[in-house]
Amino acid sequence: VTADTRNGMPMTTLRDHSRMLAPLIAAGMFCLSCTPGLAADDDPDPAAPKGAAVTVLKAAKACFANIVEVTGTIIPREENQVRPERMGLKVTEVMVDAGDTVTAGQVMARLSLPEGGQISVQAPVAGIISATTASVGALASGKGEALFSIIARSEFDLVGMVPTRDIAKLAVNQTARIKVIGAGEVDGRVRRLSTTVEPNSQLAQVFVGVTTNRRLLVNSSGRAQIKTGQSCGVSVPLTAILYGSAGTVVQVVRRARVETRRVETGLMSAGQVEITSGLAEGDIVVARAGALLREGDPVRAVTASADAK
């Protein structure tokens, strides 16, 4: 072994280094031609796009309910006016008040006759008393204001107007879900449809029967959602759709590049939109389309589920 001494320290020659490294090279533990920190599998594909990361999702099939909305007012379906049959009577006793529920034949008040004696005022039908003018000492007659107004059988209707394009979708007995101000959500059913439309507004009247045991306020506002059918097709989030001069489009990622697809939309529900044409199930769609992405831009797709983790 030859050595050179500089500054009193022995230094091995290159030949000695080669002899020392030979076993490591043979074992694959040392590579003179390798670049530190970069394995062969990490060498990037020079042809691969170097675009921005975008969140994507697969267009999937979904079913959408076809809903017709009716906004209107709660009114009694049938209201009975109760009056005595003769003149000159005086109220001597009142047993019920507005808001009370009565049964058919229930005594609501007693009146005194001019010649002496009393008669009873009975409810002609079961229901809710919506209004009363009866008070002890007041005069009652067969004309003028009614002593009692009764909402027969406690039945109400939501009466509203819909466009003529929607009236054709409706039919008697279709079920509805009604949100009534002050009473929450109740069930309902289409009871009657108008056979004419308002000439100026081109709106038609709809009567939706309300089914509930809750106390409803006459003339309160309500909104009915009537399911007239459903449609099943490809669905994407509303955020994936762009509206512009070119029409309605979505941005699709294909071969790591952006493609702009013209689409036709259908029904909408819970932030999802039905795509009736222009998109197929399984297409990779940009979840949040934006003007910054253009046709042909290179991108790195990140699935929505992976992005959320």
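**How the labels are earned**

Guide: In this predicted model, the link of C63 and C232 is right-handed, with 100° about the S-S bond.

Visitor: What makes C63 and C232 a disulfide?

Guide: Their sulfur atoms are 1.8 Å apart. The cut-off is 2.5 Å, so the pair of C63 and C232 qualifies. By this rule the chain has 1 disulfide.

Visitor: Where in the chain do C63 and C232 lie?

Guide: C63 is in strand β4, residues 60-76, and C232 is in strand β17, residues 221-237. They are 169 residues apart, and the pair links distant parts of the chain.

Visitor: Why is C63 called partly exposed?

Guide: Its relative accessibility is 48%. Partly exposed runs between the 20% and 50% limits, so C63 belongs in that class.

Visitor: How do you know that R77 forms a salt bridge with E155?

Guide: The closest N and O atoms of R77 and E155 are 3.6 Å apart. The rule asks for within 4 Å, therefore this pair counts as a salt bridge. R77 sits in the loop between β4 and β5, and E155 in the loop between β12 and β13, 78 residues apart.

Visitor: Are R77 and E155 buried, exposed or partly exposed?

Guide: R77 has a relative accessible area of 31%, and E155 has 23%. Buried would need under 20% and exposed over 50%, so R77 and E155 are both partly exposed.

Visitor: What makes R86 and E115 a salt bridge?

Guide: Their closest N and O atoms are 3.1 Å apart, within the 4 Å limit. R86 lies in the loop between β5 and β6, and E115 in the loop between β8 and β9, so the pair ties together parts that are 29 residues apart in sequence.

Visitor: Why is E115 put in one class and R86 in another?

Guide: E115 has 56% relative accessibility and counts as exposed, because exposed means over 50%. R86, at 35%, is partly exposed.

Visitor: What makes R110 and E93 a salt bridge?

Guide: The N to O distance between their side chains is 3.3 Å, which again is within 4 Å. R110 lies in strand β8 and E93 in strand β6, so the pair ties together parts that are 17 residues apart in sequence. Elsewhere, salt bridges that share partners join R77, E78, R153, E155, D157 and R191 into one network. The count for the chain comes to 13 salt bridges.

Visitor: How do you know that β6 and β11 pair?

Guide: 2 bridges join them. Pairing needs at least two, so β6 and β11 meet the requirement. The two strands run antiparallel, with L89 opposite A140 in β11.

Visitor: What makes β9 and β11 edge strands?

Guide: Each pairs on one side only. They belong to an open sheet of 4 strands in the order β9-β8-β6-β11.

Visitor: How do you know that β14 pairs with β15 and with β17?

Guide: β14 and β15 share 6 bridges, and β14 and β17 share 5. The rule asks for at least two, so both pairs pass. Both pairings are antiparallel.

Visitor: Why are the side chains of β14 said to alternate?

Guide: A176, I178 and V180 point to one face and are buried, while T175, R177 and K179 point to the other and are not. On that second face, T175 has R189 in β15 as its bridge partner, and K179 has R223 in β17.

Technical notes:
Residues are numbered from 1 along each chain as its sequence is written. This is a predicted model: local features need pLDDT of at least 70, side-chain atom pairs count only at pLDDT 80 or more; totals for chains, interfaces and linings use all residues. Side-chain values use heavy atoms; hydrogens and water are left out. Buried means under 20% relative accessible area, exposed over 50%, partly exposed in between (1.4 Å probe, protein chains only).
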